[in-house]
Amino acid sequence: MAGTAATAALSAVPSADANAAAPAPAAERPAMMPVTLEVNGKRRAIEVDTRTTLLDLLRENLKLTGTKKGCDHGQCGACTVLVNGERINSCLSLAVQHAGDKVTTIEGLGTPDRLHPMQAAFIKHDGYQCGYCTPGQICSAVGVLDEIKRGIPSHVSGDISAKPGVTADEMRERMSGNICRCGAYSNIADAMAEVAGSARA
């Protein structure tokens, strides 16, 4: 009886040869999706992993490395770009969400020969030190002035039914999502104030 039980137990255990012959499970291919969007005025059609963020599409697929990856959690603002004229944290947004959208990165705002007014003002007022956060700061600053121009209130707006003014408090509040670890905040505010003044003139 004992011998019969031992034989049955051994026959139930697969042999080493049987294990070696079993094919390894195939790695699942990530879900891919085509997406077409306009980046800095150029139409781009690309197939991406559906998990790809807009930030990674710009940096890794399109090689537009001006947009920076900082915290990757939407807390530092280094990845700020403009989508259809509004600023967003590109690390929190999936690329496939932006089919048909118009995306503007720091490379699309101006060129070394023809700087955007905000880029020129940042240079004039030393609105940067190490420069890592600067692309996001500039894109956000452009978006902020446009928000104020369109009358969009902020947390510090005293009357949300009135058009907000271009004040230091408004600009500080709206730029609070863009962190500069070098501490160039006052110079950034000066650059924004100059551009806002030129726009009003």
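The exercises below, each with a worked solution, explore a predicted model.

Residues are numbered from 1 along each chain as its sequence is written, and side-chain values use heavy atoms, with hydrogens and water left out. Because the model is predicted, local features need pLDDT of at least 70 and side-chain atom pairs count only at pLDDT 80 or more, while totals for chains, interfaces and linings use all residues.

**Exercise 1. The sheet**

Find the order of the strands in the open sheet, and work out which strands lie at its edges.

*Solution.* Begin with the terms: strands (E, at least two residues) and helices (H or I, at least four) are DSSP runs numbered from the N terminus, and two strands pair if DSSP finds at least two bridges between them. Strands of a sheet pair through backbone hydrogen bonds, either parallel or antiparallel.

Step one is the pairing of E1 (residues 32-39) with E2 (residues 42-49), which is antiparallel and runs over eight bridges; here Thr36 stands opposite Ala45 in E2. The hairpin of these two strands has two residues between them, and in it Asn40 takes a positive phi near 55 degrees.

Step two follows E1 to E5 (residues 102-104), a parallel pairing over two bridges, in which Glu38 stands opposite Lys102 in E5.

Step three goes from E5 to E3, where two bridges join strands that run antiparallel and Leu82 stands opposite Thr104 in E5.

The result is an open sheet of five strands in the order E2-E1-E5-E3-E4, with mixed pairing. Its edge strands are E2 and E4 (86-89), each of which pairs on one side only. On average, neighbouring strands of this sheet are turned by 40 degrees against each other, direction ignored, where the axes are lines fitted to C-alpha atoms (for helices over the stretch in contact) and angles run from 0 to 180 degrees between N-to-C directions.

**Exercise 2. The faces of helix H5**

Determine which residues of H5 are buried, and explain how they are arranged around the helix.

*Solution.* Buried means under 20% relative accessible area, exposed means over 50%, and partly exposed is in between (1.4 Å probe, protein chains only).

First, list the buried residues of H5 (residues 117-124), which are Met118, Gln119, Ala121 and Phe122. Seen down the axis of H5, these residues fall within an arc of 165 degrees, so they line one face of the helix; the arc is that of the directions from the helix axis to the C-beta atoms.

Next, turn to the other side of H5, where Pro117 and Lys124 are exposed. Just after the helix, Asp126 takes a positive phi of about 55 degrees.

**Exercise 3. Positive phi in a loop**

Locate Lys63 and Asp72, and describe the backbone and surroundings of each.

*Solution.* Most residues other than glycine have a negative phi, and most peptide bonds are trans.

Take Lys63 first: this residue lies in the loop between helix H3 (54-61) and strand E3 (80-83), and its phi is positive, about 60 degrees, although it is not a glycine. Lys63 counts as exposed because its relative accessibility is 58%.

Asp72 is also found in the loop between H3 and E3, with a positive phi near 65 degrees. At 36% relative accessibility, Asp72 counts as partly exposed. Its side chain meets that of Lys69 in a salt bridge (3.9 Å, N to O), the term standing for a side-chain nitrogen of Lys or Arg within 4 Å of a carboxyl oxygen of Asp or Glu. Lys69 is partly exposed as well, with a relative accessible area of 31%.

**Exercise 4. Salt bridges of helix H7**

Compare the surroundings of the salt bridge between Arg174 and Glu147 with those of the one between Asp169 and Arg172.

*Solution.* A search of the whole structure finds 10 salt bridges. In one of these, the closest N and O atoms of Arg174 and Glu147 are 3.3 Å apart. This pair links distant parts of the chain, with Arg174 in helix H7 (residues 168-174) and Glu147 in helix H6, 27 residues apart. Arg174 counts as buried at 6% relative accessibility, and Glu147 is buried with a relative accessible area of 15%.

Asp169 and Arg172 meet in a salt bridge at 3.8 Å, N to O. Being three residues apart in H7, they are separated by about one helical turn, and Asp169 and Arg172 are exposed.

Finally, place the buried pair in its wider setting: Arg87, Glu147, Glu170 and Arg174 are linked in a network of salt bridges.
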